[in-house]
Amino acid sequence: MSIDLSSLSAKELSTLIRDAQKRRTVVAKRQPLGKARAQVIAAAKKAGYTIEELFGVDALAAKTARAGKTAKSASKAGRKVAKVAPKYRNPANAEETWTGRGKQPRWLAEYTNNGRKVEEFLIQK
């Protein structure tokens, strides 16, 4: 982390130093994260619960994020997403399609910028 100190006045620097020292004092008084986590897990086990039961899926996502996965992928791990059939097709290249979700593909944006309507590219069923 880098803070540009060159533009700060003497008063702003003093305030920053004072706030940083207060924060350092608070952080120094805290238990190490691993120790606090172990205490919470032990208390949950003693009461007959798992962390996931107490705190929900987010706790599981955070746990797997620490194991090397991202929290976003962990929360979607159990969820199956259905594939969506394409709704629009590029007349110049039939392999290029679009489902209508997300950002418009470049080929369709180019056509619409030239005055054509999106409905012209609907795939007929």
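**Around Tyr-111: rings, charges and a nonpolar core**

Arg-116 sits over the face of Tyr-111, 5.1 Å from the centre of the ring, in what is a predicted model, and this placement is a convenient point from which to walk through the surrounding residues.

Arg-116 also takes part in a salt bridge with Glu-120, in which the closest N and O atoms are 2.9 Å apart. Neither partner of this bridge is buried: Arg-116 is partly exposed, with a relative accessible area of 35%, and Glu-120 is likewise partly exposed, at 45%. Arg-116 is therefore counted as partly exposed because its 35% falls between the 20% limit for buried and the 50% limit for exposed.

Returning to the ring of Tyr-111, one finds that the model holds four aromatic pairs. Among them is the pair of Trp-107 and Tyr-111, which is edge-to-face, with 6.5 Å from centre to centre and 75° between the planes. Both residues belong to helix H6, which covers residues 106-113, and they are four residues apart, about one turn of the helix. In an α-helix there are 3.6 residues a turn, so residues three or four places apart point the same way. Ring pairs further link Trp-107 and Tyr-111 with Phe-121 into a cluster.

Trp-107 leads from this cluster into the interior. With a relative accessibility of 12%, Trp-107 counts as buried, because the limit for that class is under 20%. The largest nonpolar core has six residues, namely Tyr-88, Trp-98, Trp-107, Leu-108, Val-118 and Phe-121, and Trp-107 and Phe-121 are thus members of the ring cluster as well as of the core. Another core member, Trp-98, has contacts that reach beyond its neighbours within four places in sequence: these are with Pro-86, Lys-87, Tyr-88, Lys-103, Gln-104, Pro-105, Trp-107 and Leu-108.

The count of salt bridges in the model comes to two. Besides the bridge between Arg-116 and Glu-120, there is one in which the side chains of Arg-18 and Asp-19 meet, with an N to O distance of 3.8 Å. Here too both partners are partly exposed, Asp-19 having a relative accessible area of 38% and Arg-18 one of 43%.

Elsewhere in the chain, helix H2 runs over residues 33-47 and has 15 residues; from its first C-alpha to its last it reaches 21 Å, close to the 21 Å expected at 1.5 Å a residue. After H2 comes Gly-48, whose phi is positive, near 90°.

Conventions: Residues are numbered from 1 along each chain as its sequence is written. This is a predicted model: local features need pLDDT of at least 70, side-chain atom pairs count only at pLDDT 80 or more; totals for chains, interfaces and linings use all residues. Side-chain values use heavy atoms; hydrogens and water are left out. Rings of Phe, Tyr and Trp (its six-membered ring) pair if their centres lie within 6.5 Å; planes under 30 degrees apart count as stacked, over 60 as edge-to-face and the rest as tilted. Helices (H or I, at least four residues) and strands (E, at least two) are DSSP runs, numbered from the N terminus. Buried means under 20% relative accessible area, exposed over 50%, partly exposed in between (1.4 Å probe, protein chains only). A charge sits over a ring if NZ of Lys or CZ of Arg is within 6 Å of the ring centre and within 35 degrees of the ring normal. A nonpolar core is a set of buried Ala, Val, Leu, Ile, Met, Phe, Trp, Tyr and Cys residues joined through side-chain atoms within 4.5 Å. Contact means heavy atoms within 4.5 Å. A salt bridge is a side-chain nitrogen of Lys or Arg within 4 Å of a carboxyl oxygen of Asp or Glu. The expected span of a helix is 1.5 Å times one less than its number of residues.
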